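Open the model in your viewer and keep the sequence panel beside it. This tour goes from stop to stop, with a selection to make at each one.

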Amino acid sequence: MAQRKEFIMFSRRLLILSSAALALTSLAGCNKATDMLNPPALHVDRAYVKLAANPDAPSALYFTVHGGASDTKLLNVLIDSALRYEMHESVTSGGMSDMKKLEYAVIPAGKDVAFKPGGMHVMVWGISKSAIAANKMPVIFVFQNGDRIEFDAQFVKPGADAGAAMAHDGMAMGNEVMGNEAQ
Ligand SMILES: [Cu+2]
């Protein structure tokens with residue numbers, strides 16, 4: 001009898017623990033529990049534009065692409081509120097850091113690919129003042145598999161810590177993901 005009661009207590013504790021773990025994984029942006037039941041969905045999050053201190057200099061767009069059920073490539077981005085933009089890759093040769101044009105980025109199935117400082121990025125020229133004022137730069141990510149995913153990038157002021165801003169906004173930003181496979 002006592003043993004049975006103990007077992008019930010134990011299962012109850014296990015239940016509480018597993019729901020706590022579930023809540024934690026939901027907070028992390030990508031719900032791992034859901035990923036195990038459904039195939040991974042291609043999506044983008046954590047998009048932000050690090051504004052250049054000099055308004056005439058280009059700013060850099062960073063984001064994370066989460067691979068879907070099969071391998072694909074990010075072919076381009078479309079940004080209405082900028083005059084010009086180009087995908088770049090930072091390369092270091094002989095201690096010198098330089099960047100070159102990136103034709104596409106390979107997005108392996110189920111893997112995360114981060115466009116981040118010192119690596120792949122999108123250089124952006126002439127961002128509209130209204131987009132900056134609204135703290136919202138809509139970006140359409142164009143993939144080889146035909147998916148076009150729209151996601152709003154936020155702005156990070158020169159000198160501000162993007163990492164901290166993203167950590168705090170991670171959840172809210174994750175909720176903004178809009179799959180747009182119809183186009
Ligand atoms: Cu660049």
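What geometry does the site of the copper ion have? The model is a predicted one, and in it the site is tetrahedral, with angles of 96 to 120 degrees among the four donor atoms. For reference, the ideal angle for four tetrahedral donors is 109.5 degrees.

**Stop 1: the copper ion and its donors**

Select the copper ion, then add His88, Met99, His121 and Met123. These are the protein donors, and they lie 2.1 to 2.4 Å from the ion. Label the donor atoms: ND1 of His88, SD of Met99, NE2 of His121 and SD of Met123. Now look at the sequence panel. The donors follow the spacing H-x10-M-x21-H-x1-M along the chain. Histidine 88 sits in strand 4 (residues 82-93) and histidine 121 in strand 8 (residues 120-127), so the pair ties together parts that are 33 residues apart in sequence. Both of these histidines are buried.

**Stop 2: around histidine 121**

Stay in strand 8 and centre on histidine 121. How buried is histidine 121? Its relative accessible area is 4%; it counts as buried because the cut-off is under 20%. Show its contacts, setting aside neighbours within four places in sequence. They are Leu61, Tyr62, Glu86, Met87, His88, Glu89, Ser90, Met99 and Phe115. Two of the copper donors, His88 and Met99, are in that list. Next, draw a distance from the C-alpha of histidine 121 to the C-alpha of phenylalanine 63. It comes to 8.1 Å, for residues 58 apart along the chain.

**Stop 3: the salt bridges**

How many salt bridges does the model hold? The count comes to two.

Select arginine 84 and glutamate 86. Their side chains meet in a salt bridge, at 3.9 Å from N to O. Arginine 84 is partly exposed, at 44% relative accessible area. Glutamate 86 is also partly exposed, at 23%. Glutamate 86 appeared at the previous stop, as a contact of histidine 121.

Now move to aspartate 152 and lysine 136. This salt bridge has an N to O distance of 3.7 Å. The pair links distant parts of the chain, 16 residues apart: aspartate 152 is in strand 10 (residues 148-156), and lysine 136 is in the loop between helix 3 and strand 9. Colour the two by accessibility. Aspartate 152 is buried, at 14%, whereas lysine 136 is partly exposed, at 43%.

**Stop 4: positive phi**

Step along that loop to asparagine 135, between helix 3 (129-134) and strand 9 (137-143). Asparagine 135 has a positive phi of about 50 degrees, although it is not a glycine. Its relative accessible area is 36%, which makes it partly exposed.

Jump to arginine 46, in strand 1 (residues 43-50). Here, too, a residue other than glycine has a positive phi, near 50 degrees. Arginine 46 is partly exposed, with a relative accessible area of 35%.

**Stop 5: threonine 64**

From arginine 46, cross to threonine 64, one of its contacts. Threonine 64 is in strand 2 (residues 59-66). Is threonine 64 buried or exposed? It is buried, with a relative accessible area of 14%. Beyond neighbours within four places in sequence, its contacts are His43, Val44, Asp45, Arg46, Asp112, Val113 and Ala114.

**Stop 6: the whole chain**

Zoom out and switch to a cartoon. The protein chain has four helices and 10 strands. From the N terminus on, the elements run α-α-β-β-β-β-β-β-β-β-α-β-β-α. Of the 183 residues, 31% count as buried. Turn on the contacts with a separation of 6 or more: residues 24 or more positions apart account for 65% of them. Then show the surface. The accessible area is about 11400 Å², and 58% of it belongs to carbon and sulfur atoms.

**Last stop: confidence**

Colour by pLDDT. The mean for the protein chain is 81, and 68% of its residues reach 70 or more. Finish by selecting residues 168-183, where the pLDDT is below 50. Beyond near neighbours in sequence, this stretch has 21 contacts in the model.

Definitions and conventions:
Residues numbered from 1 in each chain as written. Predicted model: local features only at pLDDT ≥ 70, side-chain atom pairs only at ≥ 80, totals over all residues. Heavy atoms only, no water. Donors = N, O, S within 2.8 Å, 3.2 Å for Na, K, Ca; no water. Tetrahedral: all angles 85-135°; square planar, octahedral: opposite > 155°, others 65-115°. Helix = DSSP H or I, 4+ residues; strand = E, 2+ residues; numbered from the N terminus. Buried < 20%, exposed > 50% of the residue type's maximum accessible area, 1.4 Å probe, protein only. pLDDT = per-residue confidence, 0-100. Contact = heavy atoms within 4.5 Å. Areas by Shrake-Rupley, 256 points an atom, 1.4 Å probe, with all protein chains shown as cover. Salt bridge = Lys/Arg side-chain N within 4 Å of Asp/Glu carboxyl O.
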